[in-house]
Amino acid sequence: PQMEVVAADDHESQIGSEVNRPRGERWLLAAKIKYGDMLESRKAEYENFWASAAEQALVDPRDAKQIVNDLGRTFPEHEFGKEVEFKLQLQRLLTAVTRYHGGYLQSMNFVVGMLLHQLLRDVPGVTESEIYFFAMVLFHKILPGYHALDMSGIQVASRVLRDLFEALYPEAATRMDQAGLTAEMLTVEWLLGIHTTTLSLKVAASLWDVLLSHGPQPKLPASGLPPAWGPPTKPKT
């Protein structure tokens, strides 16, 4: 799928001028600059959903049950993940996302949870409808096909990471192949959770900075780095 870039060239100066703002403010600003035409309609969609019992009834009960089950699994190692209000807000957001995204899929709780945490911390007065707008921008515009039944976006990104890993670490790639291990065994979890489940949230947030400023392609090389974060050796020619 064609992956869009949040900060187009003619908008980069606006984002850059806000560099001293808190991270969550910069993220939301980037989304509003690029996708501002969706802001009001998505906010209205969220508010109308919670005002309409008929719309809420269209959420698959199995998805609703899975969302509840995932609330306690979403960042329980962090204090904010244990807070009742955080879980209630996350449940409301995920339920609305599920209705208009076409279902509840793996790791959506971590992606929305990351947004919720960062924006609540950094953006005074931010509303749930604004966070919902941002989540839908991520799922539909920035990372299309990642959280989808066919996982087409994940498949493309995984192949890019596999090729990158083979070029940077050919010996390790050969050993993995001999052991029957594939890059997808590692990369799918990285990409679905946008690194929130495999890295510290501080490091993951730094990768989100790149993602939300330049789109997913620049993020992929960073995703391919080994846990040691050491400088890669040049591939042999």
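This is a short dialogue on reading side-chain features in the structure above.

Q: What kind of model is this, and how are its residues numbered?

A: It is a predicted model, where local features need pLDDT of at least 70, side-chain atom pairs count only at pLDDT 80 or more, and totals for chains, interfaces and linings use all residues. Residues are numbered from 1 along each chain as its sequence is written, and side-chain values use heavy atoms, with hydrogens and water left out.

Q: Happy to start with the rings. How many aromatic pairs does the structure hold?

A: The general idea is that rings of Phe, Tyr and Trp (its six-membered ring) pair if their centres lie within 6.5 Å; planes under 30 degrees apart count as stacked, over 60 as edge-to-face and the rest as tilted. The structure holds 7 such pairs. Take Phe 49 and Trp 50: their ring centres are 4.9 Å apart and the planes meet at 80°, so this pair is edge-to-face.

Q: Are Phe 49 and Trp 50 buried or exposed?

A: Buried means under 20% relative accessible area, exposed over 50%, and partly exposed in between (1.4 Å probe, protein chains only). Phe 49 is buried, at 0%, whereas Trp 50 is partly exposed, at 32%.

Q: Which residues form an aromatic cluster?

A: Phe 75, Phe 80, Phe 86 and Phe 110 form one cluster. Within it, the rings of Phe 80 and Phe 86 have centres 5.2 Å apart and planes at 75°, so they too are edge-to-face. Phe 80 counts as buried at 11% relative accessibility, and Phe 86 counts as buried at 4%.

Q: Now the interior. How many residues does the largest nonpolar core have?

A: A nonpolar core is a set of buried Ala, Val, Leu, Ile, Met, Phe, Trp, Tyr and Cys residues joined through side-chain atoms within 4.5 Å. The largest one here has 53 residues, and those with the most contacts inside it are Trp 27, Leu 115, Leu 119, Phe 134, Leu 138 and Trp 208.

Q: Which element gives the most to this core?

A: Helices (H or I, at least four residues) and strands (E, at least two) are DSSP runs, numbered from the N terminus. Elements giving two or more residues to the core include α2 (23-51), α7 (108-122) and α12 (201-214). The most comes from α8, with 10 residues.

Q: What does Trp 27 touch?

A: Contact means heavy atoms within 4.5 Å. Not counting residues up to four places away in sequence, Trp 27 touches Met 114, Leu 115, Gln 118, Leu 119, Phe 134, Ala 205, Trp 208, Asp 209 and Leu 212.

Q: Last topic: how many salt bridges are there?

A: A salt bridge is a side-chain nitrogen of Lys or Arg within 4 Å of a carboxyl oxygen of Asp or Glu. By this rule there are 12. One of them joins Glu 55 and Arg 99 at 3.2 Å, N to O. This pair links distant parts of the chain, with Glu 55 in helix α3 (residues 53-56) and Arg 99 in helix α6, 44 residues apart. Glu 55 is partly exposed at 22%, and Arg 99 is partly exposed at 25%.

Q: Which salt-bridge residues are joined into one network?

A: Begin with Glu 128 and Arg 92, whose side chains meet in a salt bridge of 2.5 Å, N to O. Glu 128 lies in helix α8 and Arg 92 in helix α6, 36 residues apart. Glu 128 counts as buried at 16%, while Arg 92 is partly exposed at 27%. Through shared partners, salt bridges join Glu 85, Arg 92 and Glu 128 into one network.
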